[in-house]
Amino acid sequence: MQGSARRRPFPAAPGSPPPAGTLFPGRHGAGKGEDTSKTSPFHLDLWFYFTLQNWVLDFGRPIAMIILPLEWFPLNKPSAGDYFHMAYNVITPFLLLKLIERSPKTLPRSMVYVSIIMFVMGASIHLVGDSVNHRLIFSGYQHHLSVRENPIIKNLKPETLIDSFELLYYYDEYLGHSMWYIPFFLILFIYFTGCFTPVAQESRMPVAALLLLGPSSLYYWYLVTEGQIFILYIFTFFAMMALVMHQKRKGLVLDSNGLFLFSSFIITLLLIAGWVAWLWNDKILRKKYPGVIYIPEPWAFYTLHINNLLPAKE
């Protein structure tokens, strides 16, 4: 009994560091030496899963809804794209949490968790609104027109039904997108703050990262244009650029993961500029997207220029 009492550990003194392996180390910040003493290898598995599920479950969901036979998924039931969206709402938060866990810097976990909760709420709201809006395509709804200008909507009786469809559009395009994309870009930026190293050799991307750069950038182009979140994207990009310049004064450079994310955003900006220049003189899309920031949605372009050509081919 006396021997076992001698081996009993003393309680940790206040302010002492937690034992190794503790799930939530310290407070919501990193020590001064933690930012520069650790580096992370390129997360090929996570970035590959991100790119794959983004293309399949997000970009591919409306395509699956259109391609698969309507008899399999009646208009009064969830479409194949809705099931893709449900899977996206589960897999993406999990991948974001795994990405945060691999950061060499202890990041503000409370902010991360609140952002994940808001992300799931926003993506779920968008699931409902987007499901109905895309199913309306089969009834002749045209995304390049506003709700009240659509032929199938303007003749509804009573006219208060039009207000209901405008409310649905608001939940889909405004509230859902805001609660979905703001936390998404915030988490990416929080992760980006830990992607700096004093070792210059770590600031290079492997071949696998270069191969993923194109598909990743192209998906962010789709996300920004279809989600109409250019302001959110450009502010995030400027914040990244300012952080890179600030850390450079300290002798820190981006590691391979940070360089991959930053390069993806740069290529995305070039793709958006090319997209806008291509459709700059489109009068119909100009009417739908008035104002200083003119960035047409790909689905509006589809219903205007591509969908009308499909019956002619048949």
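Arginine 102 counts as partly exposed, at 32% relative accessibility. In this predicted model, the side chain of arginine 102 meets that of aspartate 45 in a salt bridge, with 2.8 Å from N to O. The two partners come from distant parts of the chain, 57 residues apart: aspartate 45 sits in helix H3, while arginine 102 belongs to the loop between helix H4 (80-101) and helix H5 (109-135). Aspartate 45 is likewise described as partly exposed, with a relative accessible area of 30%. Side chains of opposite charge can pair when their charged atoms come close.

The structure holds seven salt bridges, and some of them join up. Asp58, Arg61 and Asp130 are linked in a network of salt bridges. Within this network, arginine 61 pairs with aspartate 58, the closest N and O atoms being 3.0 Å apart. Both residues lie in helix H3, three residues apart, or about one turn of the helix. Arginine 61 also meets aspartate 130 through their side chains, at 2.5 Å from N to O. This second pair reaches across the chain, from aspartate 130 in helix H5 to arginine 61 in helix H3, with their positions 69 residues apart.

Are the members of this network buried or exposed? Arginine 61 counts as buried because its relative accessibility is 8%, and the cut-off for a buried residue is under 20%. Aspartate 58 is buried with a relative accessible area of 1%, and aspartate 130 is buried with 8%.

Helix H3 has other residues worth a visit. Threonine 51 lies in this helix and is buried, with a relative accessible area of 10%. Beyond residues up to four places away in sequence, threonine 51 touches Leu212, Pro215 and Ser216. Valine 56, in contrast, is partly exposed, at 38% relative accessible area; its helix, H3, spans residues 44-67. Valine 56 is one of the residues of a nonpolar surface patch that also includes Leu44, Phe48, Tyr49 and Leu52, with about 450 Å² of accessible area together.

Moving along the chain, serine 217 is placed in helix H8 (residues 207-227). Its relative accessible area is 0%, so serine 217 is buried. What does serine 217 touch, not counting residues up to four places away in sequence? Its contacts there are Ser263, Ser264, Ile267, Thr268 and Leu271.

After helix H8 comes glutamine 228, found in the loop between H8 and helix H9 (230-249). Glutamine 228 has a positive phi of about 55 degrees although it is not a glycine, and it is partly exposed at 36% relative accessible area. In helix H9 itself lies isoleucine 231, partly exposed with a relative accessible area of 48%. Isoleucine 231 and isoleucine 293 are 62 residues apart in sequence, and their C-alpha atoms are 8.9 Å apart in space. Another backbone feature appears at lysine 157 and proline 158, which are joined by a cis peptide bond with omega of about -5 degrees. Proline 158 is in the loop between helix H6 (151-154) and helix H7 (160-192).

Seen as a whole, the chain has 13 helices and two strands. An unreviewed UniProt entry carries the annotation "transmembrane region" for residues 46-68, 83-100, 112-129, 180-200, 207-223, 229-246 and 258-280. In the model, residues 112-129 are 100% helix and 0% strand, with the end C-alpha atoms 26 Å apart. Residues 229-246 are 94% helix and 0% strand, and their end C-alpha atoms are 26 Å apart.

Of the 314 residues in the chain, 43% are buried. Among contacts with a separation of 6 or more, 79% come from residues 24 or more positions apart. The accessible surface comes to about 17200 Å², and carbon and sulfur atoms hold 68% of it.

How confident is the prediction? The mean pLDDT of the chain is 83, and 85% of its residues reach 70 or more. Over residues 1-11, however, the pLDDT is below 50, and this stretch has zero contacts in the model beyond near neighbours in sequence. Residues 14-37 also stay under 50 in pLDDT, although the model gives them 22 contacts beyond four places in sequence.

Terms used:
Residues are numbered from 1 along each chain as its sequence is written. This is a predicted model: local features need pLDDT of at least 70, side-chain atom pairs count only at pLDDT 80 or more; totals for chains, interfaces and linings use all residues. Side-chain values use heavy atoms; hydrogens and water are left out. Helices (H or I, at least four residues) and strands (E, at least two) are DSSP runs, numbered from the N terminus. Buried means under 20% relative accessible area, exposed over 50%, partly exposed in between (1.4 Å probe, protein chains only). Contact means heavy atoms within 4.5 Å. Accessible areas come from the Shrake-Rupley method with a 1.4 Å probe; for residues, only the protein chains shown count as cover. pLDDT is the predictor's confidence in each residue, from 0 to 100. UniProt positions are given in the numbering used here, feature names are shortened, and annotations may be inferred rather than shown by experiment. Patches are made of residues with over 30% relative accessible area and no salt bridge: like charges are joined within 9 Å, nonpolar side chains (Val, Leu, Ile, Met, Phe, Trp, Tyr) within 5 Å. A salt bridge is a side-chain nitrogen of Lys or Arg within 4 Å of a carboxyl oxygen of Asp or Glu.
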